[in-house]
Every structure is written in structure tokens, then in C-alpha cells.
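Student: Could you take me through the main nonpolar core of this one, and then what is packed around it? Keep it chatty, but give me the cut-offs as you go.

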Amino acid sequence: MAPVTIDNIRKSYGNLDVMHGVSVDIEDGEFMVLVGPSGCGKSTLLRMIAGLESITDGSIRIGSRIINDVAPKDRDIAMVFQNYALYPHMTVRENMAFALRLRKMAAQEIDKRIEQAAGILGLSALLDRYPRQLSGGQRQRVAMGRATVRDPQVFLFDEPLSNLDAKLRVTMRSEIKSLHQRLRTTTVYVTHDQVEAMTMADRIVVMHNGVVEQIGTPLDLYDRPGNLFVAGFIGSPSMNFIEGTVRLGQRATFSGPEGFAMDLGEAHGLEDRQHVVLGIRPEHLTIASEGIPAEVAVVEPTGSETLVMAQCGIQNVTCVVRERLPVKPGDTIHLNANTDALHLFDPHSGERLLS
């Protein structure tokens, strides 16, 4: 186990700059998730840690050693890929043993490590099967087992669950997190799925267009997003955004389009008639007998929750309710908001306002 230090990393392909001074400190034994939309640079950063991409500028350390020019095989890392990357002509046992044999490890030690990893991952009964005889989830566990037996300083996961169905993804999330809790190996995990990131990470790095937007624990990012991008990316369904102005009186209020108004409470540091973007998460809106009138546009029951998409004048909003309300498209409802859960952002910079 070892910390990973990413210091002002830049990456260019000719005249095209794709990484713009990324710095991240990953603690020893931490499960760090890199998350962001396609093309944000998260997989490129992971591949630079692995040594599969060159570094244009900056440095990466594993422990105290700078690894910029160290060959991938000498970095003491193990990587789990999206497509499993198993050798089809080898059994599960042979796939797991391959890297250890290349190291010329003693056969007795190889068998010991394989049996131990297979026991942890539930592969003991599958060691003599070939990859074609396994399900997607079993293949992914084999790929994890092949990484585990190497006992590396750092695990790297490159969107390992994207090829699995929804139910199996939930199961594998738990298995990967459970494996980390047992081994406590420093782990860097890449995904575009923010729900996956929220449920698995000790801390999350949110990336966008080759820069780090915010780093924090899952609940830090959920409760106090630093800018509009993070606020819109973290959370499902996405946060509602409404542009308007602040009106100051005995209490601050938000005034949006067509009479849309909300109480901001004691919002210190704001100016009268200041232009802002109000953010409110769907789960912090409630349907009540009085409040902001809205016309129901779409109702999406999911079982435990119901998503209601409604229109307040020209403003579209989404709310999530746990009650099974008898509402249908065309009905008029009234919305109230939890004023303690409102977010305000600068419409020009996108940065969070207020502390």
C-alpha cells in the first residue's frame, strides 16, 4: 500500500491540450473515484498512473517514488479493465497465476495466493473453468482476482462494471467495496456513473474538460457542491436550476420567472437585486396543499419513489416524492421547498455563493 500524488499533470496530443494541470493527493489505503462525463480526462489520468499514457508535464508519485519514466510492469500496480482482458485459452487458475509465473514466484506461493483470492471472491469452484464458461460477473471477479494475487501497492479500475446489467452492477459494487475493506489497498476507480461513485468512494474527484472541478467525500459534494457543474452532475435526478434575482427585506427572497418565489431565510452576503441561479434538489421539493402552483407534465413511478416533472410557468422542475400521490399529467399541484437545502450560484462564473 502507498499514497499516490498527482502533481500538476498536463497532457497534450500535438497542439491539443486535454489535461490542464490536474493535482490530486490520494491517501494510503484510500478508495478514490474519478468521475465525470465522457471526454473529461478521467481514463487518461488513470492510464498515466498505469504508465499506458505518457505525461506531457507534471509528476506522479507512488509512495515517495516518481514514476513518470518507470515502465508499467515496474510500478507495482494492478489494473482491472472494462472488458476483463482475460486469456481465453487459459483456465481461471491459469489466468490468475500468469503474472506471478512471469515473476518466477514459487509454485507453492502461487497456489496459496490463488486459493486465498478465490476464497475471498467466491471463485473456488470455478478455478478449472475457461472464461467462455463464465458469466459476466464471474469474469469480472476473475479479473479482480488476477489483480489481487499480485498484492500491488495500488489497484486501478477502469469502468469495470459498464458491461454488466443493472442488478449485477449493484452486486459487484458491494463486492469491490468489500474487497477494498479487507485488503485496504490504495484504489483509484474510474466511472462515468455518479451513483456508482457516491456509493463506493471514500472521496470523489469530479472532472470536466481536463480539469478538477471539486474533490470531497460523497456527502460533501452532494450537500455543498462548489459550482454549477458539480451540482448538476452529482445527484440523481439532477438538481433543478432556476435563474432569478435576490430581493432583500426582513428576510431574503428569491424571485424567478413568472412569479416563481422562494424564501431564502437569513442569506448573508447577498445584494439586493443580485442575479443568481437557485439550485434545489428534486428530493427537497414537496407537494403540499399550498405553495408554488405547477402543472404536472410527466409522472414516473419507480416503486419506492415517484418522479414528478412539472411546469411552473416557463420553468420546468422535477420533484421526488415517496408517497403514492394520485396525480396525472395536466393536474395542478403546489410545491414547497426545504429552505435549508437551497443552493445559490453565480450565473457568470458558476461558483457557489454563500458559505
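Tutor: Let's start with the core and work outwards.

A word on the ground rules: this is a predicted model, where local features need pLDDT of at least 70, side-chain atom pairs count only at pLDDT 80 or more, and totals for chains, interfaces and linings use all residues. Numbering starts from 1 along each chain as its sequence is written, and side-chain values use heavy atoms, with hydrogens and water left out.

Now the core. By that I mean a set of buried Ala, Val, Leu, Ile, Met, Phe, Trp, Tyr and Cys residues joined through side-chain atoms within 4.5 Å. "Buried" is under 20% relative accessible area, "exposed" is over 50%, and "partly exposed" is in between, using a 1.4 Å probe and protein chains only. The largest core holds 43 residues, and Met96, Met144, Ile176 and Tyr189 are the ones touching the most other members. Helix α3, residues 107-121, contributes the most to this core, with five residues. (Helices are DSSP runs of H or I with at least four residues, strands are runs of E with at least two, and both are numbered from the N terminus.) There is also a second, separate core of 29 residues, with Cys40, Ile49, Ile55 and Ile62 among its members. As background, nonpolar side chains in soluble globular proteins tend to be buried together.

Zoom in on Tyr189. Skipping neighbours within four places in sequence, its contacts (heavy atoms within 4.5 Å) include Phe31, Met32, Val33 and Leu34. Tyr189 also touches Phe157, Pro160, Leu161, Ile176, Glu196 and Met200.

Back to α3, which has a partner in α2, residues 92-102: their axes come within 10 Å and cross at roughly 135 degrees. Axes here are lines fitted to C-alpha atoms, for helices over the stretch in contact, and angles run from 0 to 180 degrees between N-to-C directions. That angle makes α2 oblique to α3, because under 35 degrees counts as roughly parallel, over 145 as roughly antiparallel, 65 to 115 as roughly perpendicular and the rest as oblique. At the interface, Arg93, Met96, Ala97, Leu100 and Arg101 of α2 meet Ile110, Arg113, Ile114, Glu115, Ala117 and Ala118 of α3. So Met96 turns up twice: it is one of the core residues with the most partners, and it is part of the α2 face that meets α3.

Next, the sheet. Six strands make an open sheet in the order β6-β7-β8-β3-β9-β10, with mixed pairing; two strands pair if DSSP finds at least two bridges between them. The edges are β6 (77-80) and β10 (211-216), each pairing on one side only. Ignoring direction, neighbouring strands are turned by 20 degrees against each other on average. At the β10 end, β9 (203-208) runs antiparallel to β10 and is joined to it by five bridges, with Ile204 standing opposite Gly216. Helix α4, residues 136-148, packs on the sheet, touching β6 and β7 (154-158), and its direction makes about 175 degrees with that of β6.

One last stop is Tyr84, in the loop between β6 and α2. Tyr84 has a positive phi of about 70 degrees although it is not a glycine, and it counts as buried because its relative accessible area is 10%.
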